[in-house]
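Reader: I work at the bench and would like to know what stands behind the terms used for this model. Please set each term against its cut-off.

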2 protein chains.
Amino acid sequence: MLSKNQIKYINSLQIKKYRQQHQSFVVEGAKSVVELLASDYEVETVFATSDFQQQHQSTLAARPVALETVTLAELEKVGSFQTNDSCLAVAKTKENRFLCAGPGEYALLLDDVRDPGNLGTILRIADWYGITKIICSESTTDLYNPKVVAASKGSFTRIQTYYTDLPAFFRQQKEGTAVVGAFLRGESLYDFRFPAQGGYLVMGNESQGIGGAVEAFVTHRVTIPRFGGAESLNVGIATAVLCDNLRRQLHKG
Amino acid sequence: MLSKNQIKYINSLQIKKYRQQHQSFVVEGAKSVVELLASDYEVETVFATSDFQQQHQSTLAARPVALETVTLAELEKVGSFQTNDSCLAVAKTKENRFLCAGPGEYALLLDDVRDPGNLGTILRIADWYGITKIICSESTTDLYNPKVVAASKGSFTRIQTYYTDLPAFFRQQKEGTAVVGAFLRGESLYDFRFPAQGGYLVMGNESQGIGGAVEAFVTHRVTIPRFGGAESLNVGIATAVLCDNLRRQLHKG
């Protein structure tokens, strides 16, 4: 049974200000909650139907958490559920800790990616391609936005993020770090060799691309070759193609 | 000024039954309408603000169409506009004509892709990579769904589609045609050579993948190599990665 205060609290976490105030966020849907329970996130409360609890007995037993039994009808009143689902959890956000690419490693770097669906998709892609660090401009949409969490399909649990002022971040980087930016006019990705020392794959805003302040730090401009009439690719799609070419090159040598 | 009947007519085109009955569909937004006007689609009526008409004088002059001046407030009442936009058009759907891949050509083949956003994204990706033909199972979402048209960002004007019974379609194909299917367990895409004779890239349903009836015709099973923890990639993302690997191979030889 959800109390009025619980409903109010969960709904407040739709809004960034309240997520920051409570240092908490909402994870919706059975699959995402199961991944949350398997992660190192601190879990506040799991609100689940008795069906969910039966189906996931061993997962719940492996990790004792505050568990509240609710009905589907109650779950529909909270969160941003689009479809009936059997579970919702509230978890603690992680501290915004400094991150950078290690030697030979590539991290993603997002300059002002605004759409929550795009950020969630990018987390899922990074997770598929084994890229575990994402550095985000402060204007990039919040990782803990429920739409980001939902679109990441559980991948948010395996990716580390760090929100920071990107020009300041670049000034702290070692000389020789590769900063590979995706532009509409650059070297063909098919002829490009990702430098072996590692560095960053920079993706820009949905309509503006990479901003001037970040562009100044880009060492390699690459372009996904185009063969038809479309003007551009969505930033999620472009991220996948870049990550795929990076991995393919490492695989092929 | 939009009449009650016009509003009713435009809104009815949200629904497939009425699109089929009227053989008409709706194109929303300035960019998409401009691409529509540059295409070979028959345009019924353009409903546009006077701002749009001023900005696109030459486009409108180059192609005389029935033009009605409306206000932003009127446009908000029709279609599925998410944001204010200055234009909406009604166009005639095209006949569902037989299509197949020519010698050395690859066409996309969609088995039960249900999400309109995914189909729109796939149209845009095909258009970027110069793939001009898409064969769809009858259960694949309708090309003329307004969400498909919107997500394609104008690319719907440059892609030919053909909805058909896929097993029957395969039985008409020449022997030796390559049918490359994306599966979670197949040959690594990085080691795979797309056969030079051309054929089909088959993408499956969002949750079920490629169905058994279509799988029976697949000649090559490929997998996008995975390096991290995500269970799967979205069908749009997977389509982009396959198309990119196809083009890259043709480029590199």
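**Strands, helix 11 and contacts**

Author: Start with one residue pair in this predicted model. Leu109(B) has Ile135(B), in strand 6 of chain B, as its bridge partner.

Reader: What makes strand 5 and strand 6 of chain B a pair?

Author: Pairing requires at least two bridges between the strands. Strand 5 of chain B is joined to strand 6 (residues 133–137) of chain B by 3 bridges, so the two strands count as paired, and they run parallel.

Reader: What is the strand order of the sheet in chain B?

Author: The order is 7-6-5-9-8-10, an open sheet of 6 strands with parallel pairing. Strand 7 (160–164) and strand 10 (220–223) of chain B pair on one side only, and are therefore called edge strands. From one strand to the next the twist averages 30°.

Reader: Which strands does helix 11 of chain B touch on the sheet?

Author: Helix 11 of chain B packs on strand 5, strand 8 and strand 9 of chain B, and its direction makes about 155° with that of strand 9 of chain B.

Reader: How do you know that the length of helix 11 of chain B agrees with its number of residues?

Author: Helix 11 of chain B (residues 235–252) has 18 residues, and at 1.5 Å a residue these should span 26 Å. The C-alpha atoms at its ends are 26 Å apart, so the two values agree.

Reader: Why are residues such as Val235(B) and Arg247(B) called buried?

Author: The term applies if 20 or more other C-beta atoms lie within 10 Å of the residue's own. Val235(B) and Arg247(B) are classed as buried, so each meets that count. Other buried residues of helix 11 of chain B include Ile237(B), Leu242(B) and Asp244(B). The buried residues of this helix pack against elements of both chains, among them helix 11 (235–252) of chain A and helix 7 (116–128) of chain B.

Reader: How many residues does each chain give to the contact between chain A and chain B?

Author: Each residue counted has a C-beta atom within 7 Å of one across the contact. Chain B gives 27 residues and chain A gives 27. On the side of chain B, helix 11 gives the largest share, 9 residues. That side divides into 11 nonpolar, 8 polar and 8 charged residues.

Reader: Which domains divide chain A, and how many residues of each are in contact?

Author: Chain A is divided into domain 1 (4–92) and domain 2 (106–252). In this chain, 16 residues of domain 1 are in contact with 9 residues of domain 2. The C-alpha centres of these two domains lie 30 Å apart.

Conventions:
Residues are numbered from 1 along each chain as its sequence is written. Chains are lettered from A and ligands numbered from 1 in the order in which they are written. This is a predicted model: local features need pLDDT of at least 70, side-chain atom pairs count only at pLDDT 80 or more; totals for chains, interfaces and linings use all residues. Helices (H or I, at least four residues) and strands (E, at least two) are DSSP runs, numbered from the N terminus. The expected span of a helix is 1.5 Å times one less than its number of residues. A residue is buried if 20 or more other C-beta atoms lie within 10 Å of its own, exposed if 12 or fewer, and partly exposed in between; C-beta atoms are placed from the backbone. Two residues are in contact if their C-beta atoms, placed from the backbone, lie within 7 Å. Axes are lines fitted to C-alpha atoms, for helices over the stretch in contact, and angles run from 0 to 180 degrees between N-to-C directions. Ala, Val, Leu, Ile, Met, Phe, Trp, Tyr, Cys and Pro count as nonpolar, Asp, Glu, Lys and Arg as charged, and the others, Gly among them, as polar. Domain bounds come from an automatic or database domain assignment.
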